[in-house]
Amino acid sequence: MTSETITAAASGTWTLGDLVVNRIGFGTMRLPQQGEAFDVDAVPGDRDRAIRVLRRARELGVNHLDTAAFYFSRLRSANELINSALAPYSDDLVITTKVGPGRDPSGEWRTHATPGQLRGQVEENLRQLGRDHLDVVNLRIVGTDSIAERFGALAELREAGLIRHLGLSNVGPAQLAEACAIAPVVCVQNRYGLGSPDQDAFLRSCGEQGIAFVPFYSIAGTGREAGASPDADSDALITVARAHGVTTAQVRLSWTLHRGPHVLAIPGTGNPDHLAANVAAGALRLSDDELAALEALHRAGEAG
């Protein structure tokens, strides 16, 4: 499989509300810094390289970007990089952002936004991205408390025209049901990947409701903000990768996309070569035997 000749169109498409996206997208969390995301002491990333990566993503057919105003380092902001690289924006580009958490200028986490503070976060994203509306806004949640008041505040901003579609991040079925009773939900963004079977039933439920399921850390796994470690790869995973002449990261992404037509992928990287490989994973087709082997690995909760 030659990565450079494959575009995101090979992954197929899904519709977020009325916005059609290729199922392989791009997450911008890693662009503002080198090393671990959200490290207050992280070295800022190379701005020119980040802009090249974003433009290359578009050249490769990526039309779904994931970002947030809290994706920043001392000198770099993911939103500003997107604005500099891609504005004026093409009509087919869908930018999804998150609100709820916040970080102070030093990079330390603040308490989660109250309903009254969410409008300020939405306006911050609008300003940084240079938009008059946001395509999709995910309410990021920590905990299992009611989200009705906070989601209701975003629903009001949707009615006001500042937001086109709404989603949720880091939630469970009860919170999704609570949100759906207030306004339509087009996507759920939760941590999910090979070896995390606890989300399987929720993933299927989202598909039955026509809601996109968008995993984060699908490559990084337990590495989370620090990224994936090659040492985490199991023999079974390596065997599948070798059979196709691809990386284990590509197998992880392909496996995720095989979970259902409503499952999207938003792998992030600051490396142009890794970007091309991630996009190419959308064209990788796994056999029934390979899927069965990976399913056993997944059920065991041991991707590595």
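**Strands, rings and backbone geometry in a predicted model**

Threonine 96 of β5 stands opposite valine 136 in β6. This pairing is a convenient place to enter the structure, which is a predicted model. Four bridges join β5 to strand β6 (residues 134–140), and the two strands run parallel. Between them the chain passes through helix α3 (residues 115–129), and this β-α-β crossover is right-handed.

Strand β5 also pairs with β4, again in the parallel sense, here over five bridges. In this pairing alanine 68 stands opposite lysine 98 of β5. Together with α2, the strands β4 and β5 make a β-α-β unit, and that unit is right-handed too. Strand β5 itself (residues 94–99) is mostly covered, with six of its six residues buried. Val94, Thr96 and Lys98 point one way from the strand, while Ile95, Thr97 and Val99 point the other way. Residues on either side of β5 are buried, Lys98 among them.

Turning to the aromatic side chains, a search of the whole structure finds nine aromatic pairs. One of them joins phenylalanine 38 and phenylalanine 70, whose ring centres are 6.3 Å apart; with the planes at 45°, the pair counts as tilted, because tilted pairs are those that are neither under 30 degrees (stacked) nor over 60 (edge-to-face). Phenylalanine 38 sits in the loop between β3 (26–27) and α1 (47–59), and phenylalanine 70 in the loop between β4 (64–68) and α2 (78–86), so the contact ties together parts that are 32 residues apart in sequence. Both partners are shielded: phenylalanine 38 counts as buried at 16% relative accessibility, and phenylalanine 70 is buried at 7%.

A second pair brings together tyrosine 192 and phenylalanine 213. Their ring centres lie 5.7 Å apart and their planes meet at 90°, so this pair is edge-to-face. Here, too, distant parts of the chain are linked, since tyrosine 192 belongs to the loop between β8 (187–189) and α6 (200–208) and phenylalanine 213 to strand β9 (residues 212–213), 21 residues apart. Tyrosine 192 is buried at 1% relative accessibility, and phenylalanine 213 is buried with a relative accessible area of 0%.

Ring pairs also link Phe38, Phe70, Tyr71 and Trp109 into a cluster. One member of this cluster, tryptophan 109, has a charged neighbour: arginine 103 lies over its face, at 5.6 Å from the ring centre. The charged end of arginine 103 sits over the ring of phenylalanine 72 as well, 4.3 Å from that ring's centre.

The backbone has some details worth a look. Most residues other than glycine have a negative phi, and most peptide bonds are trans. Against this background, alanine 87 and proline 88 are joined by a cis peptide bond, with omega about -5°. Proline 88 is placed in the loop between α2 and β5. Phenylalanine 38, already met in the tilted pair, has a positive phi, near 70°. Asparagine 170 likewise is not a glycine, yet has a positive phi of about 65°. This asparagine is found in the loop between β7 (163–169) and α5 (173–180). Asparagine 170 counts as partly exposed at 31% relative accessibility, whereas phenylalanine 38 is buried.

Definitions and conventions: Residues numbered from 1 in each chain as written. Predicted model: local features only at pLDDT ≥ 70, side-chain atom pairs only at ≥ 80, totals over all residues. Heavy atoms only, no water. Phe/Tyr/Trp six-rings, centres within 6.5 Å; stacked < 30°, edge-to-face > 60°. Buried < 20%, exposed > 50% of the residue type's maximum accessible area, 1.4 Å probe, protein only. Lys NZ or Arg CZ within 6 Å of the ring centre and 35° of its normal. Pairing = 2+ DSSP bridges. Right-handed = clockwise from strand over helix to strand, strands pointing away.
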